[in-house]
Number of protein chains: 2
Amino acid sequence: MAKKLSLGYKVFLTHSGNLNMPTSPTPLQDQADRFARAREAQSVALLEDYVELIGDLHAELGEARVADIAQRMGVAQPTATKAIARLKREGLATSRPYRGVFLTEDGSAMADRVRSRHRTIVAFLIAVGVPEDVAETDAEGIEHHVSGHTLKAFERFLAQRD
Amino acid sequence: MAKKLSLGYKVFLTHSGNLNMPTSPTPLQDQADRFARAREAQSVALLEDYVELIGDLHAELGEARVADIAQRMGVAQPTATKAIARLKREGLATSRPYRGVFLTEDGSAMADRVRSRHRTIVAFLIAVGVPEDVAETDAEGIEHHVSGHTLKAFERFLAQRD
DNA sequence: CGTGAAAGATAGCCAGTGCTATACCTTCTG
DNA sequence: CAGAAGGTATAGCACTGGCTATCTTTCACG
């Protein structure tokens, strides 16, 4: 973390020596930050997907088995196991060998948040004229990159539409 | 395969017993496909970002140097070099050692497509009430997951707004 | 109640994307 | 025109997220 910050600053200073940037108040650093942000979001995306899915499985089937998780994520079972290991490391889930997977309090909270965001985005896309199945597919990729700010805008849009 | 199918059916039946399935012709496979699609998009995202950036640099500075690319992407220089190697492998760019990086015809086409999509998405987000800087940031992550279908919907929305 | 099939865990491989450190060209300057 | 400075390439490490193959545990049924 501190590492990333220091690098960021170094880059900024190095470049300001160039003096050939057009207008922009924060010309380069901004863009670099945006990319960094997107990369960061990506690293969280997978956690969010798994956590949401585990929540769904508990709601639908009363438990979340590794095989079901793998199947719904469309990955091989060891891949799911590895992802679950990461969830445990991050304090989002627990599991007992050969039993199911369970969300911690944090995990549940994340699942709720993610599910709600997902629903909003799908509803929003449909509201602007995207077919339901496309909306569902696009939302799967988009959702992890929609900031709270943008989500609020979507909600406002939906509300004023009613 | 047979294993997965049988499990799939079990879940489906279990669930249809609930009588709250809407329509869905393919309950589980769909979701797995969506995740697969999102993963696929992710693998292309980085290429798109680099290609667009290289195009921008050529437009702004007349050339695209590795150092500038790295700086704007917010990564270390060897990371940019490695990414460029991948672009070359995929036929999107060429480069001569210690000279600049150049887009192939395919690369240019991709850059144009990506840039246009990016602009549309930012304009759309702003149109629905997202502040410009947030729109810019979110677009950076979102754009790679917006299908042609959804992009069209965004364009229609913008057009009817004018 | 024992066993075989299915579920889950583990090992080991690969590719991608970061990083730092270091070696190697080019270029610019004194 | 030599040498310093800076841009570029390369080597090597770490981690993530895929995969297959294989071993272990559970559990359901004969």
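The dialogue below reads a predicted model, going from the fold of chain A to the surface near DNA strand D.

Q: In what order do the helices and strands of chain A run from the N terminus on?

A: The elements follow the order α-α-α-α-β-β-α-α-α, which amounts to seven helices and two strands in chain A.

Q: How much of chain A is buried, and why is helix H6 described as largely enclosed?

A: A residue is called buried when its relative accessible area is under 20%, and by that criterion 44% of the 162 residues of chain A are buried. Helix H6 of chain A, residues 132–142, has eight of its 11 residues buried, so the rest of the structure largely encloses it. Among the buried residues of H6(A) are Val134(A), Ala135(A), Asp138(A) and Ile142(A).

Q: Which helices supply at least two residues each of the surface near DNA strand D?

A: They are helix H4 (77–89) of chain A, together with helix H3 (66–73) and helix H4 (77–89) of chain B, and H4(A) gives the most, with five residues. By class, this surface has 10 nonpolar, three polar and seven charged residues.

Q: Which parts of DNA strand D lie within 4 Å of the protein?

A: Of the strand D atoms within that distance, 58% belong to sugar or phosphate and the rest to bases. On the phosphate side, a side-chain N or O atom of Thr79(A) is 2.7 Å from a phosphate oxygen, while a polar side-chain atom of Arg65(B) lies 2.6 Å from a phosphate oxygen. On the base side, a polar side-chain atom of Gln77(B) lies 2.8 Å from a base nitrogen of DNA strand D.

Methods:
Residues are numbered from 1 along each chain as its sequence is written. Chains are lettered from A and ligands numbered from 1 in the order in which they are written. This is a predicted model: local features need pLDDT of at least 70, side-chain atom pairs count only at pLDDT 80 or more; totals for chains, interfaces and linings use all residues. Side-chain values use heavy atoms; hydrogens and water are left out. Helices (H or I, at least four residues) and strands (E, at least two) are DSSP runs, numbered from the N terminus. Buried means under 20% relative accessible area, exposed over 50%, partly exposed in between (1.4 Å probe, protein chains only). A residue is near a molecule or strand if one of its heavy atoms lies within 4 Å of it. A polar contact is a pair of N or O atoms within 3.5 Å; within protein, one must be able to donate a hydrogen and the other to accept it, and residues adjacent in sequence count only if both atoms are side-chain atoms. Ala, Val, Leu, Ile, Met, Phe, Trp, Tyr, Cys and Pro count as nonpolar, Asp, Glu, Lys and Arg as charged, and the others, Gly among them, as polar.
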